[in-house]
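Colleague: I would like a close look at one part of this model, namely how its helices pack against one another. Please take me through it slowly, with the individual residues that matter for the description.

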Amino acid sequence: MESTEYDDSGAWDVELNEKDKTNVEKALEVEVSNNIFYKCASTKTPELDGQKIFKILAKVEGEHASVWKKILKLDKVDFPKYDKCAAEYKPNLEESHSREDRAIKFYSQAAVDAESARVKEIFEAFVEVETDHLHLSEARLK
Ligand SMILES: [Fe+2]
Ligand SMILES: [Fe+2]
């Protein structure tokens, strides 16, 4: 699994209407929340397979957060400390599944609603990446 599935060489100077700005701000929150969850899960999950997967997922969600940060022209993004993940693999996989499912649904709608072509393109690209993430937990929850 590649950690950098999104080509971030594109332009960052994007005009955002109100709706796009609201959705991008929400997307940033989603990515930060998922990043800190995966960081937690990567340290608390006893199984090495889980530690590895959650660590990679934390990295990817962190990269997604930094894409939204650039679009929003923010100087910095706060990643709060978080320790509310489970100490077992299965519940963390289940939480991963519901988090990715939520992200996919929100990003799909945000892509449809996007006025900015660039924002639409990023939401669409992220739907694909998050769908890969969903499959990781799905395969392991079988
Ligand atoms: Fe993401
Ligand atoms: Fe994801």
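**Helix packing, starting from helix 1 and helix 3**

Modeller: Helix 1 and helix 3 are roughly antiparallel to each other, because their axes cross at roughly 165 degrees, and an angle over 145 degrees counts as roughly antiparallel. Please keep in mind throughout that this is a predicted model. The axes of helix 1 and helix 3 come within 11 Å, and the crossing of the two is left-handed. On the helix 1 side the contact is made by Lys-19, Asn-23, Ala-27, Val-30, Asn-34, Phe-37 and Ala-41, while helix 3 contributes Asn-92, Glu-95, Arg-99, Ala-103, Phe-106, Tyr-107, Ala-110 and Asp-113. Sorted by class, the contact of helix 1 with helix 3 has eight nonpolar, three polar and four charged residues.

Helix 1, which covers residues 18–44, also packs against helix 2, at an angle of about 155 degrees and with the axes 8 Å apart. That angle makes helix 1 roughly antiparallel to helix 2, and helix 1 passes helix 2 in a left-handed crossing. The residues of helix 1 that make this contact include Val-24, Ala-27, Leu-28, Glu-31 and Val-32, and those of helix 2 include Phe-54, Leu-57, Gly-62, Ala-65, Trp-68 and Lys-69. By class, the contact of helix 1 with helix 2 has twelve nonpolar, six polar and five charged residues. Ala-27 of helix 1 is named in this contact with helix 2 and also in the contact with helix 3.

Within helix 1, Leu-28 deserves a closer look. Leu-28 counts as buried because 20 other C-beta atoms lie within 10 Å, and 20 or more is what the term requires. Leaving aside its neighbours within four places in sequence, Leu-28 is in contact with Ala-65, Trp-68, Lys-69, Leu-72 and Val-77. Of these, Ala-65, Trp-68 and Lys-69 are also listed on the helix 2 side of the contact between helix 1 and helix 2. Gly-62 is 34 residues away from Leu-28 along the chain, and the C-alpha atoms of the two are separated by 9.6 Å.

The nonpolar interior ties these helices together in the description. The largest nonpolar core has 29 residues, and those with the most contacts inside it are Ala-27, Trp-68 and Phe-123. Two or more residues of this core come from each of helix 1, helix 2 (48–71), helix 3 (89–113) and helix 4 (117–141), and helix 1 gives the most, with ten residues. As for Phe-123, its contacts, with neighbours within four places in sequence left aside, are Tyr-107, Ala-110, Ala-111 and Ala-114. Tyr-107 and Ala-110 are likewise among the helix 3 residues in contact with helix 1.

The pairing of helix 3 with helix 4 can be described in a similar way. The axes of helix 3 and helix 4 come within 8 Å and cross at roughly 155 degrees, and the two helices are therefore roughly antiparallel to each other. Helix 3 passes helix 4 in a left-handed crossing, and by class their contact has eleven nonpolar, six polar and eight charged residues.

Glu-100, found in helix 3, is a charged residue that nevertheless counts as buried, because it has 23 C-beta neighbours inside 10 Å. When neighbours within four places in sequence are left aside, Glu-100 is in contact with Glu-130, His-133, Leu-134 and Ser-137. The C-alpha atoms of Glu-100 and Ala-139 are separated by 14 Å, with their positions 39 residues apart along the chain. Arg-118, which lies in helix 4, is partly exposed, because 17 other C-beta atoms lie within 10 Å. Arg-118 and Arg-102 are 16 residues apart along the chain, and their C-alpha atoms are separated by 22 Å.

One residue outside the helices completes the picture, namely Lys-73, which lies in the loop between helix 2 and helix 3. Lys-73 counts as exposed because it has 10 C-beta neighbours inside 10 Å. Its phi is near 55 degrees, a positive value in a residue other than glycine. Most residues other than glycine have a negative phi.

Definitions and conventions:
Residues are numbered from 1 along each chain as its sequence is written. Chains are lettered from A and ligands numbered from 1 in the order in which they are written. This is a predicted model: local features need pLDDT of at least 70, side-chain atom pairs count only at pLDDT 80 or more; totals for chains, interfaces and linings use all residues. Helices (H or I, at least four residues) and strands (E, at least two) are DSSP runs, numbered from the N terminus. A residue is buried if 20 or more other C-beta atoms lie within 10 Å of its own, exposed if 12 or fewer, and partly exposed in between; C-beta atoms are placed from the backbone. Two residues are in contact if their C-beta atoms, placed from the backbone, lie within 7 Å. A nonpolar core is a set of buried Ala, Val, Leu, Ile, Met, Phe, Trp, Tyr and Cys residues joined through C-beta atoms within 7 Å. Axes are lines fitted to C-alpha atoms, for helices over the stretch in contact, and angles run from 0 to 180 degrees between N-to-C directions. Angles under 35 degrees count as roughly parallel, over 145 as roughly antiparallel, 65 to 115 as roughly perpendicular and the rest as oblique. A crossing is left-handed if the near helix is turned anticlockwise from the far one by less than a right angle, and right-handed if clockwise.
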